[in-house]
Amino acid sequence: TADGSISVGQSVLWNGKKSTVRYIGEVEFAAGEWVGLELTDGKGVHDGNVLGVPYFECPAGKGVFAPAAQLAGGAASLSPSMVASSGPAASGNEGPTFLPSKDKSTDGSTSLGQSMTWNGKKAIVRYIGGVKFGKGEWVGLEVTDGAGVHDGTVMGASYFECPAGKGVFAQVAKCSSTNDSRALHSLLLGV
């Protein structure tokens, strides 16, 4: 890290899980310095590629990112405010608690359930609003023709639910409505 407290290759604990630091630096999905981790124990959300950008390499489902400030001296863990249930609650068979979504984006261009294209892939809007990993308004998408990155849960926070490896997040400007002629042309011709 910038302060020298964490280095690439170092073994740390993240949220009680053994992991190895694979990347330190800026990322395109959020501001500030972030640490890319390969989990030794437990399940991550990616393979070092996030939103189409390769940051490091690790087996699929073993990678996570955490802000550098949340990692400390090999006993790193997320603060309780960053963790939301991502599985059955300890008190019973309750499912994950999802963060509330807006029905429409601030500019009115995007709605829940709307068909979109993201990086040339068909997707359905499943979440609209703020996220814990970045600033501004984001859309959670379920990719319907191709691979995504997660299942709607990112860094322990559950935003929406979709099959594993089908979810992505993007800012509204990075998506196009299927009503857009370029996107419609892409969908019709498969290019």
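Helices (H or I, at least four residues) and strands (E, at least two) are DSSP runs, numbered from the N terminus. The structure is a predicted model, in which local features need pLDDT of at least 70 and side-chain atom pairs count only at pLDDT 80 or more, whereas totals for chains, interfaces and linings use all residues. Residues are numbered from 1 along each chain as its sequence is written, and side-chain values use heavy atoms, with hydrogens and water left out.

K166 lies in the loop that joins β11 (157–158) to β12 (167–171). With a relative accessibility of 25%, K166 counts as partly exposed, a class that falls between buried (under 20% relative accessible area) and exposed (over 50%), as determined with a 1.4 Å probe on protein chains only. Although K166 and V143 are 23 residues apart in sequence, their C-alpha atoms are 5.1 Å apart in space. When neighbours within four places in sequence are left aside, K166 is in contact (heavy atoms within 4.5 Å) with L141, E142, V143, T144, G146, G148, V149 and H150.

G152 occupies the loop between β9 (134–143) and β10 (153–154) and is buried, its relative accessible area being 0%. The C-alpha atoms of G152 and C162 are separated by 6.0 Å, with these positions 10 residues apart along the chain numbering. Apart from residues up to four places away in sequence, G152 touches A157, S158, Y159, F160 and C162.

The largest nonpolar core, a core being a set of buried Ala, Val, Leu, Ile, Met, Phe, Trp, Tyr and Cys residues joined through side-chain atoms within 4.5 Å, holds 22 residues, of which F29, Y55, F65, F133, Y159 and F169 touch the most other members. Beyond its neighbours within four places in sequence, F29 is in contact with W34, V50, L51, Y55, F65, F133, G134 and W138. A second, separate core comprises 13 residues, among them A123, V125, V139 and A170.

A search of the whole structure identifies 1 cavity of 30 Å³ or more, a cavity being a set of points, on a 1 Å grid over the protein atoms alone, where a 1.4 Å probe fits but cannot get out, with lining residues having an atom within 4 Å of a point. The largest cavity contains about 200 Å³ of space, the volume being that filled by probe spheres set on the points, which are joined across faces, edges and corners. Its lining consists of 14 residues, of which V45, H46, V50, H150 and V154 are the closest to the centre. At least two lining residues are supplied by each of β6 (63–67) and β12.

Terms used:
On a 1 Å grid over the protein atoms alone, a cavity is a set of points where a 1.4 Å probe fits but cannot get out, and a pocket is an open set with protein on both sides within 12 Å along at least five of seven lines; lining residues have an atom within 4 Å of a point.
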